[in-house]
Amino acid sequence: MKTIHPLFIFSIILFTGCKTEPKKASTEAEPMVEKNIPEKIAAAHGYEHWKSVSEITFTFNVDRDTTHFERNWVWKPKMNEVTAISGADTLTYNRASMDSTAYKRNAGFVNDRYWLLAPFNLIWDANSYTFEHSEAEKAPISGEDMQKLTIVYKNEGGYTPGDAYDFYFKDDHILREWVYRKSNQEEPSLATTWENYTEIEGVKIAQDHKKEDGSFHLYFTGLSVTD
């Protein structure tokens with residue numbers, strides 16, 4: 001998955017000549033800018049609270065058939081510092097200055113964080129993908145009518161460039177299902193649910209992701225969010 005890997009409006013006012021009278025303060029309210037769909041999804045999952053988060057810890061677990069895999073992370077986003085814990089092996093690094101060992105480990109972090117906070121990655125990665133929105137599509141697992149957001153990452157940069165994701169959600173913009181398509185191929189590479197949500201310090205996190213046939217279960221334990 002991803003390790004991977006969005007719109008600002010600005011105006012410029014030009015003044016000419018000299019003014020001898022003071023400028024009057026405007027009493028008109030600033031116009032509201034409508035959020036786009038990625039921004040609405042991020043907001044529904046508590047993105048406004050992210051600016052207060054100083055540390056988040058989580059264990060990334062995968063049960064596939066009879067096998068189990070896990071790794072633990074401590075992330076301090078304001079410091080850009082990550083501690084990776086896998087078995088007896090612990091590595092702390094700053095993402096702004098990674099050596100080859102940290103870079104390799106960071107690929108796992110980006111993947112696991114993407115599963116944890118994909119709605120926020122829609123903001124963080126805004127300049128790295130294009131998107132399309134459909135108001136009525138059949139969700140791949142439940143078969144329910146939902147809205148669909150498709151994002152396609154650019155072909156350069158990141159750990160897996162060119163990948164695509166289809167997000168399925170209802171009018172509340174909370175993710176229910178998604179599809180990962182490697183290299184933007186038409187056929188799904190993986191489709192799972194988004195379920196068992198918990199809210200910690202205002203941040204909504206889906207703790208469980210399951211394939212339809214039950215052969216794959218990705219889930220998070222040891223979740224903590226510190227302001």
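Begin by selecting strand 8 together with strand 9 (residues 190-193), which pair in the antiparallel sense over four bridges. As you look at this pair, keep in mind that the model is a predicted one. Within the pair, show the side chains of Trp 178 and Thr 192, since Trp 178 stands opposite Thr 192 in strand 9.

**The other side of strand 8**

Now add strand 7 (residues 164-169), which is joined to strand 8 in the antiparallel sense over six bridges. Two facing pairs are worth labelling here: Phe 167 stands opposite Trp 178 in strand 8, and Phe 169 stands opposite Leu 175 in strand 8. If you follow the backbone from strand 7 into strand 8, you trace a hairpin with five residues between the two strands, and in that turn His 173 has a positive phi of about 65°.

Is strand 8 enclosed by the rest of the structure or left open? Strand 8 (residues 175-181) has six buried residues out of seven, so it is largely enclosed by the rest of the structure.

**The five-stranded sheet**

Widen the selection to strands 5 through 9, and you have an open sheet in the order 5-6-7-8-9, with antiparallel pairing. Strand 5 and strand 9 are the edge strands, each of them pairing on one side only. Between neighbouring strands of this sheet the average turn is 15°, direction ignored.

**The nonpolar core**

Next, select Ile 151 and Phe 167, the two residues that touch the most other members of the largest nonpolar core, which has 44 residues. The largest share of this core, ten residues, is contributed by helix 2. As a general point, nonpolar side chains tend to be buried together in soluble globular proteins.

Centre the view on Ile 151 and display what surrounds it: beyond its neighbours within four places in sequence, Ile 151 is in contact with residues including Tyr 114, Leu 122, Tyr 129, Phe 131, Ala 164, Tyr 165 and Phe 167. The list of contacts of Ile 151 also includes Thr 130 and Asp 163.

**Helix 2 and the seven-stranded sheet**

Select helix 2 (100-124) and then the strands that it crosses, namely strand 1 (55-64), strand 2 (67-76), strand 3 (81-86), strand 4, strand 11 and strand 12; the helix runs at about 80° to strand 2.

These strands belong to the other sheet, an open one of seven strands in the order 4-3-2-1-12-11-10, in which the pairing is antiparallel. Strand 4 (89-94) and strand 10 (195-200) stand at its edges with a single partner strand each, so one side of each is left without a neighbour in the sheet. Neighbouring strands of this sheet are turned by 20° against each other on average, direction ignored.

For a closer look at one pairing, select strand 11 (residues 203-210) and strand 12 (residues 216-226), which pair in the antiparallel sense over three bridges. Asp 208 has Tyr 219 in strand 12 as its bridge partner.

**Three loop residues**

Move now to the loop between strand 2 and strand 3, where Asn 80 is placed. Phi of Asn 80 is near 60°, a positive value in a residue other than glycine, and at 26% relative accessibility Asn 80 counts as partly exposed.

Then select Glu 201 in the loop between strand 10 and strand 11. Glu 201 has a positive phi of about 50° although it is not a glycine, and at 42% relative accessibility Glu 201 counts as partly exposed.

The third stop is Asn 127, in the loop between helix 2 and strand 5 (129-138). Is Asn 127 buried or exposed? Asn 127 is exposed, with a relative accessible area of 61%. Measuring from C-alpha to C-alpha in the viewer, you should find Tyr 153 at 9.2 Å from Asn 127, although the two are 26 residues apart in sequence.

**The whole chain**

Finally, zoom out and colour the chain by pLDDT, for which the mean is 87, with 86% of residues reaching 70 or more. Over residues 1-27 pLDDT stays under 50, and for this stretch the model has 47 contacts beyond four places in sequence. Where pLDDT is low, the predicted coordinates should not be read in detail.

With everything displayed, you can count two helices and twelve strands, running from the N terminus as α-β-β-β-β-α-β-β-β-β-β-β-β-β. Of the 227 residues in the chain, 42% are buried, and the chain exposes about 13100 Å², of which carbon and sulfur atoms supply 50%.

Definitions and conventions:
Residues numbered from 1 in each chain as written. Heavy atoms only, no water. Buried < 20%, exposed > 50% of the residue type's maximum accessible area, 1.4 Å probe, protein only. pLDDT = per-residue confidence, 0-100. Contact = heavy atoms within 4.5 Å. Areas by Shrake-Rupley, 256 points an atom, 1.4 Å probe, with all protein chains shown as cover. Pairing = 2+ DSSP bridges. Axes fitted to C-alpha atoms, helices over the stretch in contact; angles between N-to-C directions. Core = buried A, V, L, I, M, F, W, Y, C linked by side-chain atoms within 4.5 Å.
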